[in-house]
Amino acid sequence: MGLPEERGRSGSGSAEREEAGARNRVRSWSPPPEVRRSAHVPSLQRYRELYRRSVEQPREFWGDIAKEFYWKTSCPGPFLQYNFDVTKGKIFIEWMKGATTNICYNVLDRIVHEKKLGDKVAFYW
């Protein structure tokens, strides 16, 4: 394959390029409508919208996600701080510094208590 700028220089014919393109082609299948109706992300379009928002507005996006969880102590300072520019100092990322939660409560107990799903099997092996 080589680097992007090297591709196409080898003099390979169009049949070889087509074969390489076919190998690299991404295929996707949509789930059945009944699965999509209850899915958190029901379509590729919705996924792309969420992804775009997570990149363009990370504080707002992840802040909204965090609202869906139980927090023993909320974030006392800025929700998100980061620096990726070495000319501006140390590289760092801080998410919800000082906040505390109980992840077991969030993924199991809360579902059992708040959604009244204690009599349902959570996972079949």
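Let's start at I91, which sits in the loop between strand 1 and strand 2. Its relative accessible area is 42%, so I91 is partly exposed. If we set aside the neighbours within four places in sequence, I91 touches N83, F84, D85 and V86. Keep in mind, please, that what we have here is a predicted model.

So how sure is the predictor? Over the protein chain the mean pLDDT is 83, and 79% of the residues reach 70 or more. Then there is the stretch at residues 1–10, where the pLDDT is below 50. Beyond near neighbours in sequence, that stretch has 3 contacts in the model. Which elements mark the two ends of the confidence scale? Helix 1, residues 14–24, has the lowest mean pLDDT, at 66. Helix 3, residues 44–56, has the highest, at 95.

Now the overall layout. The protein chain has 5 helices and 2 strands, and along the sequence they come in the order α-α-α-α-β-β-α. Of the 125 residues, 10% are buried. For those of you who like contact statistics, take the contacts with a separation of 6 or more: 31% of them join residues 24 or more positions apart.

Let me walk you to helix 4, residues 58–66. Which of its residues are buried? They are P58, F61, G63 and A66. The cover over these buried residues includes helix 3 and strand 1, the latter at 80–83.

F61 deserves a second look. With a relative accessibility of 9%, F61 falls under the 20% limit and therefore counts as buried. W62, the next residue along, has a relative accessible area of 36%, so W62 is partly exposed. How are the rings of F61 and W62 arranged? Their centres are 4.8 Å apart and their planes stand at 90°, which is over the 60 degrees needed, so we call the pair edge-to-face. The structure holds 6 aromatic pairs. F61 and W62 also belong to one aromatic cluster, together with F79 and W95.

On to the backbone, with two residues I'd like you to click on. M96 has a phi near 50°, a positive value in a residue other than glycine. You will find M96 in the loop between strand 2, at 92–95, and helix 5. Is M96 buried or exposed? The relative accessibility is 15%, so M96 counts as buried.

The other one is K116. Its phi is near 55°, again positive and again in a residue other than glycine. K116 is in the segment after helix 5, and with a relative accessible area of 65%, K116 is exposed. So we have a positive phi at M96 and another at K116, with M96 buried and K116 exposed.

Back towards the start of the chain for a moment, to S28. This serine is in the loop between helix 1 and helix 2, the latter at 33–38. At 62% relative accessibility, S28 counts as exposed. How far is S28 from L44 in sequence and in space? The two are 16 residues apart in sequence, and their C-alpha atoms are 9.6 Å apart.

Last stop: a pocket. Rolling a probe the size of a water molecule over the atoms shows where empty space is left. The second largest pocket has a volume of about 160 Å³. What lines it? The list is I65, E68, F69, N106, V107, R110, I111 and K115. Sorted by class, that lining has 4 nonpolar residues, 1 polar residue and 3 charged residues. Which element gives the largest share? That would be helix 5, residues 103–114, with 4 lining residues.

To pull a few threads together before I hand over: helix 5 supplies the largest share of that pocket lining, M96 lies in the loop that leads from strand 2 to helix 5, and K116 is in the segment that follows helix 5. Over at helix 4, F61 is one of the buried residues and also a member of the aromatic cluster with W62, F79 and W95. And if you go browsing around residues 1–10, remember that the pLDDT there is below 50. Thanks, everyone!

Methods:
Residues are numbered from 1 along each chain as its sequence is written. This is a predicted model: local features need pLDDT of at least 70, side-chain atom pairs count only at pLDDT 80 or more; totals for chains, interfaces and linings use all residues. Side-chain values use heavy atoms; hydrogens and water are left out. On a 1 Å grid over the protein atoms alone, a cavity is a set of points where a 1.4 Å probe fits but cannot get out, and a pocket is an open set with protein on both sides within 12 Å along at least five of seven lines; lining residues have an atom within 4 Å of a point. Grid points are joined across faces, edges and corners, and a volume is the space filled by probe spheres set on the points. Ala, Val, Leu, Ile, Met, Phe, Trp, Tyr, Cys and Pro count as nonpolar, Asp, Glu, Lys and Arg as charged, and the others, Gly among them, as polar. pLDDT is the predictor's confidence in each residue, from 0 to 100. Contact means heavy atoms within 4.5 Å. Rings of Phe, Tyr and Trp (its six-membered ring) pair if their centres lie within 6.5 Å; planes under 30 degrees apart count as stacked, over 60 as edge-to-face and the rest as tilted. Buried means under 20% relative accessible area, exposed over 50%, partly exposed in between (1.4 Å probe, protein chains only).
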